[in-house]
Amino acid sequence: MEANLISLSLFNGKKQNIFSLEKKIQSLDNAIYLLKKSNSEVWEYENYLKTLESNKDFLKDNISLRFKNLKLELSNKSTKKINPFLIKEYQKGCEILNIKDDLNIIDKNDNSSYFGKVNNKQNEILNKRSYD
């Protein structure tokens, strides 16, 4: 019941993306590092350390679950209709989980910007402006 309350307060019923989950893991890593480097004795912070590490494992499990759902969502869409943010999130998930891109989405959209592909005409205009 306590774990359910923690997860409810953590997510507030919202769908979390991989980027925000990664930030939470980084803050937990920082807290773990600071706790280990403190002048306290191990027995004083041992329970806190276990809690932080279990929370980190919980977040890693959520990243894995989000990645599976994201992969399923992306595999059901055509490449032209995919939201560019989902591609970046999928790419970040591959990086965090150290997984190879099975859908080959990252290679197809390698030239895309954060907000989508920049076509050749837009690219030419941008290049002209930079040289003027």
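This is a short tour of how three helices meet in this predicted model, ending at a loop residue beside them.

**Stop 1: H3 and H4.** Start by selecting residues 42-75, which form helix H3, and residues 84-97, which form helix H4. Their axes lie 10 Å apart, and the two helices pack at an angle of about 135°. H3 and H4 are therefore oblique to each other. Turn the view a little and you can look at the handedness: the crossing of H3 and H4 is left-handed.

Now show side chains at this contact. On the H3 side, pick Ile63, Ser64, Arg66, Phe67, Leu70, Lys71, Glu73 and Leu74. On the H4 side, their partners are Leu86, Glu89, Tyr90, Gly93, Cys94, Ile96 and Leu97. If you colour the residues of this contact by class, you will get nine nonpolar, two polar and four charged.

**Stop 2: the core.** Which residues have the most contacts inside the largest nonpolar core? Select Leu70, Leu74 and Tyr90 to see them; the core as a whole has 20 residues. Helix H2 (18-37), H3 and H4 are the elements that give two or more residues to this core. Of these, H3 gives the most, with eight residues.

Stay with leucine 70 for a moment. Setting aside neighbours within four places in sequence, leucine 70 is in contact with Ile18, Leu86, Glu89 and Tyr90. Ile18 is a good handle for the next stop, as this residue belongs to H2.

**Stop 3: H2 and H4.** Keep H4 on display and add H2. The axes of H2 and H4 come within 9 Å and cross at roughly 40°. H2 and H4 are therefore oblique to each other. From H2, select Ile18, Phe19 and Glu22; they meet Phe85, Lys88, Glu89, Lys92, Gly93 and Ile96 in H4. Sorted by class, this contact has four nonpolar, one polar and four charged residues.

**Stop 4: aspartate 102.** Finally, move to the loop between H4 and helix H5 (105-108), where you will find aspartate 102. Is this residue buried, partly exposed or exposed? Aspartate 102 has a relative accessible area of 49%, so it counts as partly exposed.

Label Lys71 and Tyr90 too: leaving out neighbours within four places in sequence, aspartate 102 is in contact with both. Draw a C-alpha to C-alpha distance from aspartate 102 to lysine 71 and you should read 9.0 Å, although the two are 31 residues apart in sequence. Tyr90 brings you back to the core, where it is among the residues with the most contacts.

Note on methods
Residues are numbered from 1 along each chain as its sequence is written. This is a predicted model: local features need pLDDT of at least 70, side-chain atom pairs count only at pLDDT 80 or more; totals for chains, interfaces and linings use all residues. Side-chain values use heavy atoms; hydrogens and water are left out. Axes are lines fitted to C-alpha atoms, for helices over the stretch in contact, and angles run from 0 to 180 degrees between N-to-C directions. Helices (H or I, at least four residues) and strands (E, at least two) are DSSP runs, numbered from the N terminus. Angles under 35 degrees count as roughly parallel, over 145 as roughly antiparallel, 65 to 115 as roughly perpendicular and the rest as oblique. A crossing is left-handed if the near helix is turned anticlockwise from the far one by less than a right angle, and right-handed if clockwise. Contact means heavy atoms within 4.5 Å. Ala, Val, Leu, Ile, Met, Phe, Trp, Tyr, Cys and Pro count as nonpolar, Asp, Glu, Lys and Arg as charged, and the others, Gly among them, as polar. A nonpolar core is a set of buried Ala, Val, Leu, Ile, Met, Phe, Trp, Tyr and Cys residues joined through side-chain atoms within 4.5 Å. Buried means under 20% relative accessible area, exposed over 50%, partly exposed in between (1.4 Å probe, protein chains only).
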